[in-house]
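Hi everyone, thanks for making time this morning. I'd like to walk you through some side-chain features of one structure, so let me put it up on the screen.

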Amino acid sequence: MSESLHVSQNGDILEIILDRPKANAIDAKTSFEMGKAFIAFRDNPKLRVAIISGAGERFFSAGWDLKAAAEGEAPDADFGPGGFAGLTELFDLNKPVIAAVNGYAFGGGFELALAADMIVCSQNASFAVPESKLGIVPDSGGLLRLPKLLPPAIANEMMMTGRRMDAQEALRWGIVNQVVESDRLMEAARELAHQLAQSAPLAVAAIKEIFRETGEMSVEEGYRHIRSGKLKNYPSVLHSEDALEGPRAFAEKRDPVWKGR
């Protein structure tokens, strides 16, 4: 892919490692490359789960490359398909992504992690949105996703003061799924990815679709939307071969063989 991005495939799991010393900061060029990687993941039927992490043990990502900014790259520059970091605006991705946060996740780095479906982090991980200290705002998803996860007072404090949240606090608020030792981070992320890959792909796609489209609705409105026929993945999963295979495999006491159709 590039010197900044290491992409590898392990069966049906894709691993994307951001490698831009010293802070794994992301400029527009790198963002484009990340977008291409996530879109290739989206469009490859053989891939089921992606893991995004940073090289080294200190930085997952410091976010937007401020050196590029100092050289003239605008905050509203074209960061390519999928928005900043290739994932923050990739709204039609119906496969799960795990962020394996190996250290500081600041600014756009935190926003990248928030755009994933699940986060596994090391004990030394730290999260912050310090944009207000730089005269900008966290508009690559931080302003939109963080208030959905945190009480308003805590979200406002983080965004307006830029204060850091450590791994244990992130776990208490439910922002991350697991906190593990640094040397177990990728192992834990891969274990979670293998668990996800055992689920029916159409069912996972339907779950992501329903979650995305009904998140702002009441339960009653959500039911109406689900039954409206407007969803793409939900109706297809109901009448799929996999929907027959799951109960059959359970009755026969064997592992299901998913076909994704």
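Let's begin with the rings: F59, Y104 and F106 come together as one aromatic cluster. Before I go further, please keep in mind that what you see is a predicted model.

Staying with Y104 for a moment, there is a charged side chain to look at too. R164 sits over the face of Y104, 5.3 Å from the ring centre. A lysine does something of this kind elsewhere: K95 lies over the face of F41, at 5.1 Å from the ring centre.

How many aromatic pairs are there by the centre-distance rule? The count is four. One that I'd like to show you is F79 with F84, an edge-to-face pair with 5.2 Å from centre to centre and 75° between the planes. I quote both values because a pair of aromatic rings is described by the distance of the centres and the angle of the planes. Are these two rings buried or exposed? F79 has a relative accessible area of 9%, so this residue is classed as buried. F84 is buried as well, at 4% relative accessibility.

Now on to the charges. Searching the whole structure turns up 18 salt bridges. I'll pick out a few of them.

Take K148 and E216: they form a salt bridge in which the closest N and O atoms are 2.3 Å apart. Which parts of the chain does this pair tie together? K148 belongs to helix α4, while E216 is in the loop between α8 (201-214) and α9 (219-227), so the salt bridge links parts that are 68 residues apart in sequence. On the accessibility side, K148 counts as exposed at 56%, and E216 counts as exposed at 65%.

Next, E169 and R163. Their closest N and O atoms are 2.8 Å apart, and they too make a salt bridge. E169 has a relative accessible area of 13%; the cut-off for buried is under 20%, so E169 is buried.

Then there is a pair within one helix. E220 and R224 meet through their side chains in a salt bridge, 3.1 Å from N to O. Both residues lie in helix α9, four residues apart, which is about one turn of the helix. E220 and R224 are both exposed. Beyond pairs, there is also a network: E245, R248, E252 and R254 are joined by salt bridges that share partners.

Let me turn to a serine in a loop. S240 is found between α10 (233-238) and α11 (241-251). What does S240 touch, once neighbours within four places in sequence are set aside? Its contacts are L202 and R261. With a relative accessible area of 5%, S240 falls under the 20% cut-off, so this loop residue counts as buried.

My last stop is on the surface. V137, L143 and L144 make up a nonpolar patch there, and together they have about 290 Å² of accessible area. V137 is placed in the loop between β8 (126-128) and α4 (142-149). Its relative accessible area is 48%, so V137 is partly exposed.

To recap the route: we went from the cluster of F59, Y104 and F106, through some of the 18 salt bridges, to the nonpolar patch of V137, L143 and L144. Thanks for listening, and I'm happy to rotate the view for anyone who wants another look.

How values were computed. Residues numbered from 1 in each chain as written. Predicted model: local features only at pLDDT ≥ 70, side-chain atom pairs only at ≥ 80, totals over all residues. Heavy atoms only, no water. Patch = residues over 30% accessible without salt bridge, like charges linked within 9 Å, V, L, I, M, F, W, Y side chains within 5 Å. Areas by Shrake-Rupley, 256 points an atom, 1.4 Å probe, with all protein chains shown as cover. Salt bridge = Lys/Arg side-chain N within 4 Å of Asp/Glu carboxyl O. Helix = DSSP H or I, 4+ residues; strand = E, 2+ residues; numbered from the N terminus. Buried < 20%, exposed > 50% of the residue type's maximum accessible area, 1.4 Å probe, protein only. Phe/Tyr/Trp six-rings, centres within 6.5 Å; stacked < 30°, edge-to-face > 60°. Lys NZ or Arg CZ within 6 Å of the ring centre and 35° of its normal. Contact = heavy atoms within 4.5 Å.
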